[in-house]
Amino acid sequence: MKKLFVLMLAAAISGFMLTSCGGNAKKSDTGSASVTKAKTAKVYTANLENGKAVYNKVCIACHMTGVAGAPALKNKDRWTEIAAKGMKQLHHDAINGFTGKFGVMPARGSCTDCSDQDLYDAVAYMLKTAGVSAN
Ligand code: HEC
């Protein structure tokens with residue numbers, strides 16, 4: 001009988017400890033979630049080597065000579081105008097697609113396995129090759 005009581009007490013204590021642990025974990029979870037939220041705007045750094053590879057695999061189809069209204073890389077006038085939109089906007093347009101007065105830029109250039117980073121790198125490579133830069 002005494003043994004059973006000790007067991008029950010032990011169970012009660014560990015139960016209590018679990019509960020209080022759970023409570024604490026929840027609190028710190030919420031804390032880290034709000035920290036993550038504050039950091040959602042990912043800062044990208046361009047990898048031009050990767051950008052070149054992605055461009056040569058995907059974007060070149062339209063952007064080399066200007067197929068379907070795409071700005072050809074040698075068309076510096078158009079790229080100067082495009083660069084003025086800023087890197088963040090251009091990255092967004094490369095990811096989501098963009099319809100302008102010249103034609104339709106398909107989402108991800110139709111490259112379903114290109115990551116957001118791949119697209120960032122490709123845009124940076126294209127701007128550099130066109131001889132312009134964007135903030
Ligand atoms: C099927 C053809 C096609 C392919 C492939 C393509 N683009 Fe485009 N892209 C376009 C067209 C067309 C426009 C211009 C739309 C306009 O200004 O009217 C454009 C415009 C853009 C712009 C400028 C967007 C803006 O806001 O002015 C960027 C940046 C861009 N493309 C990046 C890419 C990247 C990166 C790739 C490869 C991953 C790619 N494109 C592949 C057709 C293409």
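**Exercise 1.** A68 sits in the loop between α2 and α3; characterise its backbone and state whether A68 is buried or exposed.

*Solution.* The model is a predicted one, in which local features require pLDDT of at least 70 and side-chain atom pairs pLDDT 80 or more, while totals for chains, interfaces and linings use all residues. Residue numbers start from 1 along each chain as its sequence is written, and side-chain values rest on heavy atoms, with hydrogens and water left out.

Step 1: elements are DSSP runs numbered from the N terminus, helices being H or I with at least four residues and strands E with at least two. Step 2: the phi of A68 is near 60°, which is positive in a residue other than glycine. Step 3: the accessibility classes are buried (under 20% relative accessible area), exposed (over 50%) and partly exposed in between, with a 1.4 Å probe and protein chains only. A68 has a relative accessible area of 58% and is therefore exposed.

**Exercise 2.** Describe the order of the elements in the protein and its buried fraction.

*Solution.* Step 1: the protein has five helices and two strands, arranged from the N terminus as α-α-α-α-β-β-α. Step 2: of its 135 residues, 27% are buried. Step 3: a contact requires heavy atoms within 4.5 Å. Among contacts between residues at least 6 apart in sequence, 60% join residues at least 24 apart.

**Exercise 3.** Identify the buried residues of α4 and the elements that cover them.

*Solution.* Step 1: M87, L90, H91, D93, A94 and I95 are the buried residues of α4. Step 2: their cover includes α3, β1 (98-99), β2 and α5. Step 3: beyond α4 comes G97, with a positive phi near 90°.

**Exercise 4.** Which residues come nearest to the ligand, and which polar side-chain atoms lie beside its nitrogen and oxygen atoms?

*Solution.* Step 1: a residue is near the ligand if one of its heavy atoms lies within 4 Å. There are 27 residues around the ligand, and C59, C62, H63, D93 and M105 come nearest. Step 2: a polar contact is a pair of N or O atoms within 3.5 Å; within protein, one must be able to donate a hydrogen and the other to accept it, and sequence neighbours count only if both atoms are side-chain atoms. A polar side-chain atom of H63 is 2.8 Å from a ligand nitrogen. For ligand oxygen atoms, the distance is 2.6 Å from a polar side-chain atom of K85 and 2.4 Å from a side-chain N or O atom of D93. Step 3: two or more residues of the shell come from each of α2 (48-63), α3 (76-83), α4 (87-96), β2 (104-105) and α5 (116-130). Step 4: the shell divides into 17 nonpolar (Ala, Val, Leu, Ile, Met, Phe, Trp, Tyr, Cys, Pro), five charged (Asp, Glu, Lys, Arg) and five polar residues (the others, Gly among them).

**Exercise 5.** Analyse S110 and S115 in the loop between β2 and α5.

*Solution.* Step 1: S110 has a positive phi of about 75° although it is not a glycine. With a relative accessible area of 54%, S110 is exposed, whereas S115, at 33%, counts as partly exposed. Step 2: C-alpha to C-alpha, I95 is 9.6 Å from S110, at a sequence separation of 15 residues, and 8.8 Å from S115, at a separation of 20. Step 3: the S115 side chain reaches the backbone nitrogen of D118 at 3.0 Å.
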